[in-house]
Amino acid sequence: MIFILIMDFPVILVAGASGTGKTTWIQQQGLNSSIAYCSLGSDGIAIDATYLTTEMSSINVFSDLTELLSLRVPVYLEVSAQLDLDSLTIPLGHFQKLAIVAPNTNDTEWHRWADRIVVGIQAAKGSQIWRSNLSGQVLDPASLDTLWDELIEGAYGTIQRAKGIFEVVDGRAFHFNYVQGHETNYTELNVARSFKGRPDRFSGIEVVGEAFDQTAIKQTLQDCCLADDALAYYQHQIRQSLEIPA
């Protein structure tokens, strides 16, 4: 038996190719009013949900559709580009299907699926995707910058889309967001700085492209991560410089 949730407030499925601007469009909808958000198909790598939560006080993030029953605000369900639209099943009585599409495109699977079209930016077309959970890992900033430059400049293969949330040794967390043909957007997240031990919050990375060496990326990323003794040493130095009690 399939149970259908009948909602009395707007529910919008937001789909589109990777990098077209789905999360950015959803963020704009919550600038002046409260909204709810769920990412479908992210496999637990909650980059977009974490970014929106830290940047918007007006958003409720949920992971279970049944939680919608307690909400009375517009709901935006972001659909991963890797999900098959034809087999996507949403147990809601009524919802709108909105697609963010690249400029100068028509008659794509997104056009045929959607009730409404919004033009975004040029999309990534890669069929290979790699995700990794980095929660608890703290990275050396210089090594992270080198890795990111190598990544988007093609040292590991063709990268069309990359995004991540990274913790660095001075206690800050950053959101990196890259789409091929555009500069990387770097955002320092509005979270408490972590000066002692490993942070208890999400971090992770997602890469989309063609024929890239994910094993090499994973190894280089691991090399950027600080061991416990190195992390403790640097955090001690930072606490002393900022006159924070041990």
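Why is strand S11, residues 204–210, largely enclosed by the rest of the structure? Select that strand first, bearing in mind that this is a predicted model. Six of the seven residues of S11 are buried, that is, under 20% relative accessible area, so the strand is largely enclosed by the rest of the structure.

Next, add strand S7, residues 128–133, which runs antiparallel to S11 and is joined to it by six bridges. To follow one of these pairings, pick Gln128, whose bridge partner in S11 is Gly209. Then bring in strand S8, residues 158–167, which is also antiparallel to S11 and is linked to it by seven bridges. Within this pairing, select Lys163 and look across to Glu206 in S11, which stands opposite.

Keep Lys163 selected, for this residue leads on to the largest pocket, where Lys22, Thr23, Asp48, Arg161 and Lys163 lie nearest the centre among the 47 lining residues. The volume of this pocket is about 720 Å³. Among the elements that give two or more residues to its lining are S8, helix H2 (47–55), strand S9 (173–179) and strand S10 (185–188). Now select helix H1, residues 22–29, which supplies the largest share of the lining, six residues.

If you colour the lining of the largest pocket by class, you will find 19 nonpolar, 20 polar and eight charged residues. Finally, colour by domain: the lining of the largest pocket draws at least three residues from domain 1 (11–119) and at least three from domain 2 (128–242).

Methods:
Residues are numbered from 1 along each chain as its sequence is written. This is a predicted model: local features need pLDDT of at least 70, side-chain atom pairs count only at pLDDT 80 or more; totals for chains, interfaces and linings use all residues. Side-chain values use heavy atoms; hydrogens and water are left out. Buried means under 20% relative accessible area, exposed over 50%, partly exposed in between (1.4 Å probe, protein chains only). Helices (H or I, at least four residues) and strands (E, at least two) are DSSP runs, numbered from the N terminus. Two strands pair if DSSP finds at least two bridges between them. On a 1 Å grid over the protein atoms alone, a cavity is a set of points where a 1.4 Å probe fits but cannot get out, and a pocket is an open set with protein on both sides within 12 Å along at least five of seven lines; lining residues have an atom within 4 Å of a point. Grid points are joined across faces, edges and corners, and a volume is the space filled by probe spheres set on the points. Ala, Val, Leu, Ile, Met, Phe, Trp, Tyr, Cys and Pro count as nonpolar, Asp, Glu, Lys and Arg as charged, and the others, Gly among them, as polar. Domain bounds come from an automatic or database domain assignment.
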